[in-house]
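Student: Got a minute to go through this one with me? I'd like to start with how the helices pack.
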Amino acid sequence: METSPLSVDASPTPWTGRFDGEGSEHRRWWQAVAPHTVSGAAASQRPAVVIGFCSDAGVLRNKGRVGAAAAPAAIRSALGPLAFHLDRDVFDAGDVVVEGGSLEAGQERAGLAISALLDAGNLTVVLGGGHETAFASYLGVAGSDAVRGKRLGVLNLDAHFDLRDEPIPSSGTPFLQMAEAEAAAGRELQYAVVGISEPNNTQSLFTTARRLGVKYLLDELCTPEAAEVFVADFLAGVDVLYLTIDLDVMPASVAPGVSAPAAYGVPLPVISAICRQVAASGKLLHVDVAELNPEFDIDSRTAKVAARLLNTLLA
Ligand SMILES: N=CN[C@@H](CCC(=O)O)C(=O)O
Ligand SMILES: [Mn+2]
Ligand SMILES: [Mn+2]
């Protein structure tokens, strides 16, 4: 089989997990995921292709606690042992690795790989990385034929707006970068955030959010009903969705392994229900999971939550 011509830096490594037998009734993720190839097998549903974005650079620039570069491997390790109930093929395309200060070049490489995968009809799944991963995702989505003539929505599950106006891009700037890129292309970014923590976003960030017409739901208002209505309203106004999950949207007890753990946070059942709602909409084009820092991840809790949410989204 021909190997993938994608612009990644590291080929996929074998996945691992518990072995209960060879048959499909025993199958776990590690047995189901295959290395991505150009001539990957056709599936009954759109195949999912996983790609890692190993980057600490954005969190470092944003003065956070670094370690997210190790997150793609940690999320694969948490996904590997899960029982596989999906009705679609899943492939691993390897990692884009950001070295030192080359964040922008890494985002461009990841963007090219994502665009190529989307153009080939895949559902793309990026494992970050700090939330600078989101700008790599945006480059990939915006550069793909899959969004031409369609209304794109960006839904962020996050305690933070990440709309910082800084001289250099970081994990705190991706959605302002997207808004500026969309404006330069004569469009308006459709951006919504679930889980905003008021005390963790300055008045200046709220002003930027209002100026850009950002829709948001505060963490303290995230009842299951309110979240469902908010997401339904947003989905109704878009044709295709890029979903980005910053794991610090959940409480520190659920997601301790992040740069900025949340004192309040949105409960996991609410975040999980949003993932189900997005999956059921049929509009999901691309998803990423960001901000996992394995160094602070007690019992791998955050990685397991990331794996569980991805499993829900792809089902
Ligand atoms: N990715 C974004 N992170 C948050 C970090 C906030 C904090 O460190 O308290 C932000 O920039 O707002
Ligand atoms: Mn974020
Ligand atoms: Mn955040």
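Tutor: Sure, and keep in mind that this is a predicted model. Helix H8 (residues 224–236) packs with helix H9 (residues 268–281) at an angle of about 30 degrees, and their axes are 10 Å apart. That angle makes H8 roughly parallel to H9.

Student: Which residues in H8 and H9 meet there?

Tutor: From H8 you have Pro224, Ala227, Glu228, Val231 and Leu235, and they meet Val270, Ala273, Ile274, Gln277 and Ser281 in H9. By type, the residues of that contact divide into seven nonpolar, two polar and one charged.

Student: And is the crossing of H8 and H9 left-handed or right-handed?

Tutor: H8 passes H9 in a right-handed crossing.

Student: OK, strands now. Why is strand S6 described as largely enclosed?

Tutor: S6 covers residues 190–196, and six of its seven residues are buried, so the rest of the structure largely encloses it.

Student: How does S6 run relative to strand S5, parallel or antiparallel?

Tutor: S5 (residues 152–157) and S6 run parallel, joined by five bridges. Take asparagine 156: its bridge partner in S6 is valine 193.

Student: What about helix H6, which residues are buried there?

Tutor: In H6 (residues 174–184), the buried ones include Pro174, Phe175, Leu176, Gln177, Met178 and Ala179.

Student: What covers the buried residues of H6?

Tutor: The cover includes S5 and S6 again, along with helix H5 (133–142) and helix H7 (203–211).

Student: And what follows H6?

Tutor: Glycine 186 comes after H6, with a positive phi near 80 degrees.

Notes:
Residues numbered from 1 in each chain as written. Chains lettered and ligands numbered in written order. Predicted model: local features only at pLDDT ≥ 70, side-chain atom pairs only at ≥ 80, totals over all residues. Axes fitted to C-alpha atoms, helices over the stretch in contact; angles between N-to-C directions. Helix = DSSP H or I, 4+ residues; strand = E, 2+ residues; numbered from the N terminus. Parallel < 35°, antiparallel > 145°, perpendicular 65-115°, else oblique. Left-handed = near helix turned anticlockwise from the far one by under 90°. Contact = placed C-beta atoms within 7 Å. Nonpolar A, V, L, I, M, F, W, Y, C, P; charged D, E, K, R; others polar. Buried ≥ 20, exposed ≤ 12 C-beta atoms within 10 Å, placed from the backbone. Pairing = 2+ DSSP bridges.
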